[in-house]
Amino acid sequence: MDPITAELTEPELERWGEAIGRAARPPLVLALRGDLGAGKSTLARAVARGAGVEGAMPSPTFNLLFRYPARDGVAVVHLDLYRLTDPDEVWELGWADLPEPNELVLVEWPERAESLLPEPRWEVSLAESAGGERRAVEAWPVGSPPPLPGPGGGA
């Protein structure tokens, strides 16, 4: 699988996230990387909406993990590891069981547990580009995860 690179506006980032959610074949792990304000939560919410999650999706910054029912028996697990001070704290979150066969797992701040990240997975890096109106997006597979649609709709 080839890496994915694009420059996306926020609405384009949301459309891509929804396409990922619609096309997701669990188990699937997305490690979402980027500075504060880069669009990690925006992308995570869009992926979850595309997978069929309805209703509000608060940031898991303080709870660290939220689990949402989606369509067709899929569960979306949204983690935010920003507040971790030691990678071993992930074990308290049920990390050993992630992902279950029916789960789509979205991990913000994966670098807080770098050596413990599951494989296969997709690494997704987001960065503000000049002017802040677009996001530089890079996504690459680690191991052999299910394919992702490209930002233009292709897989």
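The following legends describe close-up views of a predicted model.

**View 1. Helix α1 and the elements packed around its buried residues.**
Helix α1 covers residues 10–23, a run of 14 residues. At 1.5 Å a residue, this helix should span 20 Å, and its end C-alpha atoms are indeed 20 Å apart, so the expected and computed values agree. The buried residues of α1 are L13, W16, G17, A19, I20 and G21. They pack against four strands and one helix, namely β1 (4–9), β2 (28–33), β6 (121–128), β7 (134–142) and α2 (40–51).

**View 2. R121 and E123, joined by a polar contact in strand β6.**
R121 lies in strand β6, and E123 has its place in strand β6 as well. R121 is buried because its relative accessibility is 8%, under the 20% cut-off. E123, at 3% relative accessibility, also counts as buried. The side chains of R121 and E123 make a polar contact of 2.6 Å. Apart from neighbours within four places in sequence, R121 is in contact with V29, A31, W140, P141, V142 and P145. With residues up to four places away in sequence not counted, E123 touches A31, R33, L117, E138, A139, W140 and V142.

**View 3. L126, a buried residue of strand β6.**
L126 is part of strand β6. Its relative accessibility is 2%, and L126 therefore counts as buried. L126 and G34 are 92 residues apart in sequence, yet their C-alpha atoms are 5.0 Å apart in space. When neighbours within four places in sequence are left aside, the residues in contact with L126 include L13, G34, K40, L43 and V137.

**View 4. The largest pocket and its lining.**
About 160 Å³ of space lies in this pocket. Its lining consists of 13 residues, of which L36, G37, K40, S41 and E108 are the closest to the centre. Helix α2 gives the most to the lining, with three residues. By class, four of the lining residues are nonpolar, six are polar and three are charged.

**View 5. R25 and a cis peptide bond in the loop between α1 and β2.**
R25 lies in the loop that runs between α1 and β2. At 49% relative accessibility, R25 counts as partly exposed because exposed requires over 50%. Leaving aside neighbours within four places in sequence, R25 is in contact with P146 and P147. R25 and E119 are 94 residues apart along the chain, and their C-alpha atoms are separated by 15 Å. P27 is placed in the loop between α1 and β2, and the peptide bond from P26 to P27 is cis, with omega near 0°.

**View 6. Backbone angles in the loops around D72, W109 and P120.**
Most residues other than glycine have a negative phi, and most peptide bonds are trans. D72, in the loop between β3 (65–69) and β4 (75–80), has a positive phi near 60°. The relative accessible area of D72 is 74%, so D72 is exposed. W109 is found in the loop between β5 and β6, and its phi is also positive, near 60°. At 11% relative accessibility, W109 counts as buried. P120 is found in the loop between β5 (103–108) and β6, and a cis peptide bond with omega of about 0° joins E119 and P120.

Conventions. Residues numbered from 1 in each chain as written. Predicted model: local features only at pLDDT ≥ 70, side-chain atom pairs only at ≥ 80, totals over all residues. Heavy atoms only, no water. Helix = DSSP H or I, 4+ residues; strand = E, 2+ residues; numbered from the N terminus. Expected span 1.5 Å × (residues − 1). Buried < 20%, exposed > 50% of the residue type's maximum accessible area, 1.4 Å probe, protein only. Contact = heavy atoms within 4.5 Å. Polar contact = N/O pair within 3.5 Å; in protein donor to acceptor, adjacent residues only side chain to side chain. 1 Å grid on protein atoms, 1.4 Å probe; cavity = no way out; pocket = protein on both sides within 12 Å on 5 of 7 lines; lining within 4 Å. Points joined across faces, edges and corners; volume = space filled by probe spheres on them. Nonpolar A, V, L, I, M, F, W, Y, C, P; charged D, E, K, R; others polar.
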